[in-house]
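Visitor: I should like to take a close look at a single part of this protein, namely its second largest pocket. Please describe what lines the second largest pocket, and then continue to the parts around it.

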Amino acid sequence: MNDDYYQQNAQRFFDETVDVDMSAVYQPFLALLKPGARILDAGCGSGRDAKAFSERGYAVDAFDASAELAERAERLIGRPVEVMRFQELTAVEQYDGIWCCASLLHVPEKELPEVMALLANALKPGGVWYVSFKYGTGERVKDGRRFTDMNEDSIKRLIMSVKFINIEKEWCSKSYKKNTAELWMNIIIKKSKPL
């Protein structure tokens, strides 16, 4: 379902998202990372955020499930973008930071704990992780895409289902895209260091 949507609408999605100013969300995430830290942009979409992090001196890897979007993101950031799904991630403690901006919301709710565990495994102890979901509850389909929405309670349950990660900060915000009134749930997660 989502594959078909992004295959048919890749350029439109790219055009609608590539110039959205996300600097207000970058700040609390990057403030917890050292200069030059290694970041994984997981579900990078247009490549907007990977480009912004690279321009700020961070080492960035990126992937997306959509070959069409990965190709456009590669051109934007000037480096390879892997085509893969969250479920294919095999990295172990490789990243200081993981960025999942509006990407995990396409994972079915029953698969989220497993996907979150894979991402947590890719994060170094002490690492930071940003995730965002559209604010709400449950699963839905809209315009050919499936969404899993989250609120404060559901995100807490999800985070508690994964070992060694804790919520550092959470907040709601309006969409940064123009002409939309959607609310978003933003969460910064920290992976605990071994005792």
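Guide: On a 1 Å grid over the protein atoms alone, a pocket is an open set of points where a 1.4 Å probe fits, with protein on both sides within 12 Å along at least five of seven lines; a cavity is a set of points from which the probe cannot get out, and lining residues have an atom within 4 Å of a point. Rolling a probe the size of a water molecule over the atoms shows where empty space is left. The model is predicted, so local features need pLDDT of at least 70 and side-chain atom pairs count only at pLDDT 80 or more, whereas totals for chains, interfaces and linings use all residues. Residues are numbered from 1 along each chain as its sequence is written, and side-chain values use heavy atoms, with hydrogens and water left out.

The second largest pocket is lined by L32, L33, K34, A37, D96, K124, P125, G126, G127, V128, K190 and K193. It holds about 220 Å³ of space, where a volume is the space filled by probe spheres set on the grid points, which are joined across faces, edges and corners. Sorted by class, its lining comprises 5 nonpolar, 2 polar and 5 charged residues. In this scheme Ala, Val, Leu, Ile, Met, Phe, Trp, Tyr, Cys and Pro count as nonpolar, Asp, Glu, Lys and Arg as charged, and the others, Gly among them, as polar.

Strand β5 (residues 123–134) gives the most to this lining, with 5 residues. Helices (H or I, at least four residues) and strands (E, at least two) are DSSP runs, numbered from the N terminus.

Two residues of the lining, G127 and V128, are also touched by I189, which has its place in strand β9. I189 is buried, with a relative accessible area of 0%; buried means under 20%, exposed over 50%, and partly exposed in between, for a 1.4 Å probe and protein chains only. Contact means heavy atoms within 4.5 Å. Not counting residues up to four places away in sequence, I189 also touches others, including M116, W129 and N166. The C-alpha atoms of I189 and N166 are separated by 5.5 Å, although these residues are 23 apart along the chain.

M116 leads to helix α5 (residues 112–122), whose buried residues are L112, V115, M116, L119, A120 and A122. These residues lie on the same side of α5 because they cover an arc of only 155° around the axis, the arc being that of the directions from the helix axis to the C-beta atoms.

In helix α2 (residues 23–30), V25, Y26, P28, F29 and L30 are buried. Among the elements that cover them are β1 (38–42), β4 (95–100), β5 and β9 (183–191).

A37 of the lining is touched by A59, as are G36, R38 and I39. A59 has its place in strand β2 (residues 59–64) and is partly exposed, with a relative accessible area of 37%.

Finally, the loop between β8 and β9 contains E182, which is partly exposed at a relative accessible area of 23%. The side chain of E182 makes a polar contact of 2.8 Å with the side chain of K134. A polar contact is a pair of N or O atoms within 3.5 Å; within protein, one must be able to donate a hydrogen and the other to accept it, and residues adjacent in sequence count only if both atoms are side-chain atoms.
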